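Hello,

I am handing over the structure we talked about, and my notes follow below it. Have a look at the sequence and the model first, then read on.

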Amino acid sequence: MELLIRPRRLRGNPALRSMVRETRVSPSSLIYPLFVREGQGVIEDIPSLEGQKRYSPDTLPFELEQVCKAGVNSVMLFGIPTQKDEQGSGAWSEHGVVQQALQIAKREFPHLYMITDVCLCEYTSHGHCGILCGDRVDNDRTLPLLAKTALSHVQAGADMVAPSDMMDGRVGAIRALLDQNGHEDIPILSYAVKYASAFYGPFREAAGSAPAFGNRKGYQMDYHNRKEAVKEAALDVKQGADMLMVKPALSYLDVVREISSTFSLPTAAYSVSGEYAMIKAAAKAGLADEIGLICETAVGVFRAGADVLITYFAKELAQWMQEGRIG
Ligand code: PBG
């Protein structure tokens, strides 16, 4: 048969397939999220996220050792306090759980890049991401608290802060307070495009951060919207964001593409807890190959345009990238 163009010619050999790959991935673009809870000597399983654990500040170094061994250079810390209050004051306490964890971790792993999630929902008694005025989250009164939280993380050793609360103006408020305190070199990774998502379910179980009433639709984005993602990202760029995040990842690959091609900032995508749990559940039920699902979904996010992937599979992916299984 006369067929001049045969795409299959480039697929016939594994060396050739990897030669002509369009998407290259590397462990340096992975961020591993970790949960630190108050206490001592704690290493506990998280039932909603099989394979993930909560650590107390003193046991966190055991896990950080594994993270480094796997070839992951960067982690994102989430704090789980024992005491909560209306304001979420544990978030910016000098002796808060994330602050303690940072001090210990930075001492033992000075080269591991540490990002902190900046939000109040794990620290407020009502579980919302800001302080309340009646039943509403009060945007403007929340901003100084988020800024204080970010500053306290940086003072404890954070290399980068990542606000995830979705209050308007928070990137600017955080930038201003960091600069006033001489931290103009600390970058902000903004959760610029964060949708109100059912995919956060397992995380809220893990962090004990589910809202006590209502939901987060008054501040997180409506998943029907794409142009609004550009608007949100543009606002954060103006306020001094250094990197933009889209979250969740899997159901929002069009948004990842849109943000990465519209803005010149690095784009991160967060493959959230529900995405992790879905893969774990499917594999456990014998419905699909776990490694196959992990690799394909991760590469899909990079192919969509992400420069950075935040994922609970970071350690596994880093290892497989080094082995050449993907990459
Ligand atoms: C805090 C925060 C959440 C996640 C990251 N930061 C939960 C939420 O907004 O309800 C979710 C991460 C995940 O599901 O893996 N606001």
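Glu44 counts as partly exposed, at 24% relative accessibility. Please keep in mind as you read that this is a predicted model. The side chain of Glu44 meets that of Arg54 in a salt bridge, with 2.9 Å from N to O. Glu44 belongs to strand 2 (residues 43-45) and Arg54 to strand 3, so the pair ties together parts that are ten residues apart in sequence. Is Arg54 buried or exposed? Arg54 has a relative accessible area of 13% and is buried, because buried means under 20%.

Two other salt bridges are worth finding in the viewer. One of them joins Lys280 and Glu290, whose side chains meet at 2.8 Å, N to O. This pair links distant parts of the chain, with Lys280 in helix 9 (residues 273-284) and Glu290 in helix 10 (residues 290-303), ten residues apart. Lys280 counts as buried at 17% relative accessibility, while Glu290 counts as partly exposed at 25%. Coming back to Glu44 and Arg54, salt bridges that share partners join them with Arg37 into one network.

The other is formed by Asp236 and Arg170, and their closest N and O atoms are 3.4 Å apart. Here too distant parts of the chain are linked: Asp236 sits in helix 7 (residues 227-238) and Arg170 in helix 5 (residues 170-180), 66 residues apart. Both partners are buried, Asp236 with a relative accessible area of 3% and Arg170 with 1%. How many salt bridges does the count come to? The count comes to 14 salt bridges.

Next, the ligand. There are 19 residues that surround the ligand, and the closest are Lys194, Arg204, Lys247, Ser273 and Tyr312. For Tyr312, a polar side-chain atom lies 2.6 Å from an oxygen atom of the ligand. Nitrogen atoms of the ligand come into play with two further residues. Asp117 places a polar side-chain atom 3.4 Å from a ligand nitrogen, and an N or O atom in the side chain of Ser164 is also 3.4 Å from a nitrogen atom of the ligand. How much of the ligand does the protein bury? Taken alone, the ligand exposes 400 Å², and the protein buries 100% of that.

Helix 2 (residues 60-70) is a good place to look at packing. Its buried residues are Leu60, Pro61, Glu63, Leu64, Val67 and Ala70. What covers the buried residues of helix 2 includes four strands and two helices that you can pick out one by one:

- strand 1 (30-37) and strand 3 (53-55)
- strand 4 (74-80) and strand 5 (113-118)
- helix 3 (97-108) and helix 11 (314-323)

Just after helix 2 comes Gly71, which takes a positive phi of about 95 degrees.

Finally, the surface. Leu10, Met19 and Val20 form a nonpolar patch there, and together they have about 280 Å² of accessible area. Met19 lies in helix 1 (residues 14-19). With a relative accessible area of 58%, Met19 is exposed, because exposed means over 50%.

If you want a place to start, try the ligand and Tyr312, with the 2.6 Å between a polar side-chain atom and a ligand oxygen, and then move on to the network of Arg37, Glu44 and Arg54.

Best wishes

Key
Residues numbered from 1 in each chain as written. Predicted model: local features only at pLDDT ≥ 70, side-chain atom pairs only at ≥ 80, totals over all residues. Heavy atoms only, no water. Buried < 20%, exposed > 50% of the residue type's maximum accessible area, 1.4 Å probe, protein only. Contact = heavy atoms within 4.5 Å. Patch = residues over 30% accessible without salt bridge, like charges linked within 9 Å, V, L, I, M, F, W, Y side chains within 5 Å. Areas by Shrake-Rupley, 256 points an atom, 1.4 Å probe, with all protein chains shown as cover. Salt bridge = Lys/Arg side-chain N within 4 Å of Asp/Glu carboxyl O. Near = heavy atom within 4 Å. Polar contact = N/O pair within 3.5 Å; in protein donor to acceptor, adjacent residues only side chain to side chain.
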